[in-house]
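Visitor: I have a few "how do you know" questions about this one. Could you pull it up and talk me through the reasoning?

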Amino acid sequence: MGALTSFQSIALIVAAVVVAATLAAAASHAVDWRTAFAWAALWIVAAIAILRPSITVAIAHFLGIGRGADLVFYCGILGMLLGFFAVYVRMKRLESQITRLVRSIAIRDAQERE
């Protein structure tokens, strides 16, 4: 492996900063450790892929995908779809909880006025 490109240098610095911020968020209990570990692992994998792009090419070829960049793109799309679905499910659950709470408060208030 030769010298790092400008992109690799910048991206690795960004990845290191984000991993540190993720661990700091876990330490301050802003996120739980399991979530922090998953995010940190994702950023470390991204850093490895940036540092050694030949790894993504080898995995892509193993999976029958022509280029490593395509593999990264497909994984990104699948990850975003999964994330959107998780947010949708959570929003629906929160909406249901808010509806139950508002009904409960309305019933309680109506009973107090009687």
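**Two helices, step by step**

Guide: Keep in mind that this is a predicted model. A good place to start is the buried residues of H2, which are Ala-36, Ala-40 and Ala-47.

Visitor: What makes those buried residues line one face of H2?

Guide: Look down the axis of H2: the buried residues fall within an arc of 25°, so they sit on one face of the helix. As a general point, an α-helix has 3.6 residues a turn, so residues three or four places apart point the same way. The buried residues of H2 pack against H1, while Arg-34 and Val-45 are exposed on the other side of H2.

Visitor: Why are H1 and H2 called roughly antiparallel?

Guide: The axes of H1 (residues 6-27) and H2 (residues 33-51) cross at roughly 170°. Angles over 145 degrees count as roughly antiparallel, and the two helices therefore get that label. Their axes come within 9 Å.

Visitor: What is the contact of H1 with H2 made of, by class?

Guide: Residues of H1 including Phe-7, Leu-12 and Val-19 meet residues of H2, among them Trp-39, Trp-43 and Ile-50. By class, that contact has 18 nonpolar, 2 polar and no charged residues.

Visitor: How do you know the span of H2 agrees with its 19 residues?

Guide: At 1.5 Å a residue, H2 should span 27 Å, and its end C-alpha atoms are 26 Å apart, which agrees.

Visitor: Why is Ala-24 called partly exposed?

Guide: Ala-24, in helix H1, has a relative accessible area of 44%. Buried means under 20% and exposed over 50%, with partly exposed in between, so Ala-24 counts as partly exposed.

Technical notes. Residues are numbered from 1 along each chain as its sequence is written. This is a predicted model: local features need pLDDT of at least 70, side-chain atom pairs count only at pLDDT 80 or more; totals for chains, interfaces and linings use all residues. Side-chain values use heavy atoms; hydrogens and water are left out. Axes are lines fitted to C-alpha atoms, for helices over the stretch in contact, and angles run from 0 to 180 degrees between N-to-C directions. Helices (H or I, at least four residues) and strands (E, at least two) are DSSP runs, numbered from the N terminus. Angles under 35 degrees count as roughly parallel, over 145 as roughly antiparallel, 65 to 115 as roughly perpendicular and the rest as oblique. Contact means heavy atoms within 4.5 Å. Ala, Val, Leu, Ile, Met, Phe, Trp, Tyr, Cys and Pro count as nonpolar, Asp, Glu, Lys and Arg as charged, and the others, Gly among them, as polar. The expected span of a helix is 1.5 Å times one less than its number of residues. Buried means under 20% relative accessible area, exposed over 50%, partly exposed in between (1.4 Å probe, protein chains only). The arc is that of the directions from the helix axis to the C-beta atoms.
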